Amino acid sequence: MHSHLHTPYNINCEEVMTALDECHARGFLYKAVGNCNDIKRDVNKCLSAERADRAKRNRDEARSKRARIEEIWARERGQEAPATTNTAAAAGSNTDASKQ
């Protein structure tokens, strides 16, 4: 069983998929002899190209989201570092004062 071909993701392959459906509608013997093989290869090429484009877009979007998150984390680390340093300095001065 295969997934549905006519989806919004595959809209650019609609014409080739329709041609394959029409070829298959001609009957079992027409299909069994191999008369639809060229069209089927074209459908596979088109779907593969669409999938590769979708994967590239997803990868690029994930990279941009990751860069934005890394930037936010860097800003948060930058804000936290001085606060812990000041706290440590203040704690160190209190311990020094109590020793004297």
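**Note on the disulfides and core of a predicted model**

1. With -95 degrees about the S-S bond, the link between Cys23 and Cys36 is left-handed. The structure is a predicted model, and the remarks below should be read accordingly. The two sulfur atoms of this disulfide, Cys23 and Cys36, lie 1.9 Å apart.

2. The Cys23 and Cys36 pair links distant parts of the chain. Cys23 belongs to helix α1, whereas Cys36 sits in the loop between α2 (28-32) and α3, with 13 residues of separation. Both ends are shielded: Cys23 counts as buried at 5% relative accessibility, and Cys36 counts as buried at 2%.

3. The surroundings of Cys23 deserve a remark. When neighbours within four places in sequence are set aside, Cys23 is in contact with Tyr30, Asn35, Cys36 and Ile39. Its disulfide partner, Cys36, is thus one of the residues on that list.

4. A search of the whole structure finds two disulfides. The other one is formed by Cys13 and Cys46, with a sulfur-to-sulfur distance of 1.9 Å. The link of Cys13 and Cys46 is left-handed, at -95 degrees about the S-S bond. Cys13 lies in the segment before α1 (14-25) and Cys46 in helix α3 (residues 37-99), so this pair ties together parts that are 33 residues apart in sequence.

5. The accessibility of this second pair should also be recorded. Cys13 is buried, with a relative accessible area of 1%. Cys46 has 19% relative accessibility and counts as buried, because the term applies under 20%.

6. Counting bonded cysteines along the chain, the disulfides of the protein follow the pattern 1-4, 2-3.

7. The four cysteines discussed above recur in the largest nonpolar core. This core has eight residues in all: Cys13, Met17, Leu20, Cys23, Cys36, Val43, Cys46 and Leu47. The elements that contribute two or more residues to the core are α1 and α3.

8. A final point concerns Glu50, which is placed in helix α3. Glu50 is buried yet has no salt bridge. The nearest side chain of opposite charge, that of Arg54, is 5.3 Å away; a salt bridge would require a separation within 4 Å. Apart from neighbours within four places in sequence, Glu50 is in contact with Tyr9, Asn10, Asn12 and Cys13. Cys13, one of these contacts, is also an end of the disulfide to Cys46.

Technical notes: Residues numbered from 1 in each chain as written. Predicted model: local features only at pLDDT ≥ 70, side-chain atom pairs only at ≥ 80, totals over all residues. Heavy atoms only, no water. Disulfide = S-S within 2.5 Å. Helix = DSSP H or I, 4+ residues; strand = E, 2+ residues; numbered from the N terminus. Buried < 20%, exposed > 50% of the residue type's maximum accessible area, 1.4 Å probe, protein only. Core = buried A, V, L, I, M, F, W, Y, C linked by side-chain atoms within 4.5 Å. Contact = heavy atoms within 4.5 Å. Lys, Arg positive; Asp, Glu negative; His and termini not counted.
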